[in-house]
Amino acid sequence: MRLMKNSYRFFQNKECEWFPCHSTLSPEKFSCLMCFCPLYNFNDCGGKYKMLENNVKDCGDCTIPHYNYDYIINKLKERSR
C-alpha cells in the first residue's frame, strides 16, 4: 500500500479474525482504525443502526467508523462544544 498524506487516518489489520467485519466491495479501503465506533452512544450519530427489543443499538450494518474518519472527528468536536 502506498503512503498517504495524513496516513494516521487509516489503519488496517488483515490478520484480524473478523477482517473485514462488515460486507464491503472495497476491502483495500476498509479501515480498522475505529473498530469500536466512538459515536455509539450518540443518538444523532448519523449511522445506519437499529434498536433491538432489549434497547441495545445494533450497528452491524453501519460502516461510518471504517470509511469516515473526518465525519467522526467533526461529530466529536460538535459534541464537545
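In this predicted model, isoleucine 72 touches Met34, Cys37, Pro38, Leu39, Ile64 and Pro65, leaving aside residues up to four places away in sequence. Several of these partners reappear in the largest nonpolar core, a set of eight residues made up of Met34, Cys37, Leu39, Phe42, Cys45, Cys62, Ile64 and Ile72 itself. In soluble globular proteins, nonpolar side chains tend to be buried together. Across the chain, buried residues make up 23% of the 81 residues.

The secondary structure around this core is easily listed. The chain has two helices and two strands, and from the N terminus on they follow the order β-β-α-α. Strand β1 covers residues 50-51 and strand β2 residues 57-58, while helix α1 takes in residues 64-67 and helix α2 residues 69-80. Along its principal axes, the C-alpha trace spans about 40 × 35 × 20 Å. Of the contacts with a separation of 6 or more, 45% come from residues 24 or more positions apart. The accessible surface amounts to about 6,400 Å², and carbon and sulfur atoms contribute 51% of that area. As for charge, the chain carries 12 positive and 9 negative side chains, with the centres of the two sets 10 Å apart.

The cysteines deserve a closer look. How many disulfides does the structure hold? The count is zero. Cysteine 16 illustrates the point: its closest cysteine sulfur, in cysteine 35, is 6.3 Å away, which is too far for a bond because a disulfide requires the two sulfur atoms to be within 2.5 Å. Cysteine 32 is likewise in no disulfide, the nearest cysteine sulfur being that of cysteine 16, at 6.4 Å. In terms of accessibility, cysteine 16 is partly exposed, with a relative accessible area of 31%, whereas cysteine 32, at 15%, counts as buried.

Cysteine 21 sits in the segment before β1 and is partly exposed, at 40% relative accessible area. Beyond its neighbours within four places in sequence, cysteine 21 is in contact with Phe30 and His66. Phe30 also turns up among the contacts of tyrosine 67, where, with the same four-place exclusion, the list reads Thr24, Ser26, Lys29 and Phe30. Tyrosine 67 belongs to helix α1 and is partly exposed, with a relative accessible area of 34%. The C-alpha atoms of tyrosine 67 and cysteine 32 lie 9.1 Å apart, with their positions 35 residues apart in sequence.

The segment before β1 also contains proline 20, and here the backbone has a feature worth inspecting. A cis peptide bond joins phenylalanine 19 to proline 20, with omega at about -20°. A second backbone feature is found at asparagine 55, which has a positive phi of about 65° although it is not a glycine. Asparagine 55 is located in the loop between β1 and β2. Is this residue buried or exposed? At 62% relative accessibility, asparagine 55 counts as exposed, because the cut-off for that class is over 50%.

On one side of that loop, lysine 50 lies in strand β1. Its contacts, again not counting residues up to four places away in sequence, are Val56, Lys57 and Asp58; residues 57-58 form strand β2. Lysine 50 is partly exposed, with a relative accessible area of 45%. Two C-alpha separations help to place lysine 50 in the fold: cysteine 21, 29 residues away in sequence, is 17 Å away in space, and tyrosine 71, 21 residues away in sequence, is 20 Å away.

Helix α2 provides the final example, aspartate 70. At 42% relative accessibility, aspartate 70 counts as partly exposed. Its C-alpha atom is 8.4 Å from that of arginine 9, although the two residues are 61 positions apart along the chain.

Definitions and conventions:
Residues are numbered from 1 along each chain as its sequence is written. This is a predicted model: local features need pLDDT of at least 70, side-chain atom pairs count only at pLDDT 80 or more; totals for chains, interfaces and linings use all residues. Side-chain values use heavy atoms; hydrogens and water are left out. Helices (H or I, at least four residues) and strands (E, at least two) are DSSP runs, numbered from the N terminus. Buried means under 20% relative accessible area, exposed over 50%, partly exposed in between (1.4 Å probe, protein chains only). Contact means heavy atoms within 4.5 Å. Accessible areas come from the Shrake-Rupley method with a 1.4 Å probe; for residues, only the protein chains shown count as cover. Lys and Arg count as positive and Asp and Glu as negative; His and the chain ends are not counted. The place of a charge is taken as NZ of Lys, CZ of Arg, CG of Asp or CD of Glu. A nonpolar core is a set of buried Ala, Val, Leu, Ile, Met, Phe, Trp, Tyr and Cys residues joined through side-chain atoms within 4.5 Å.
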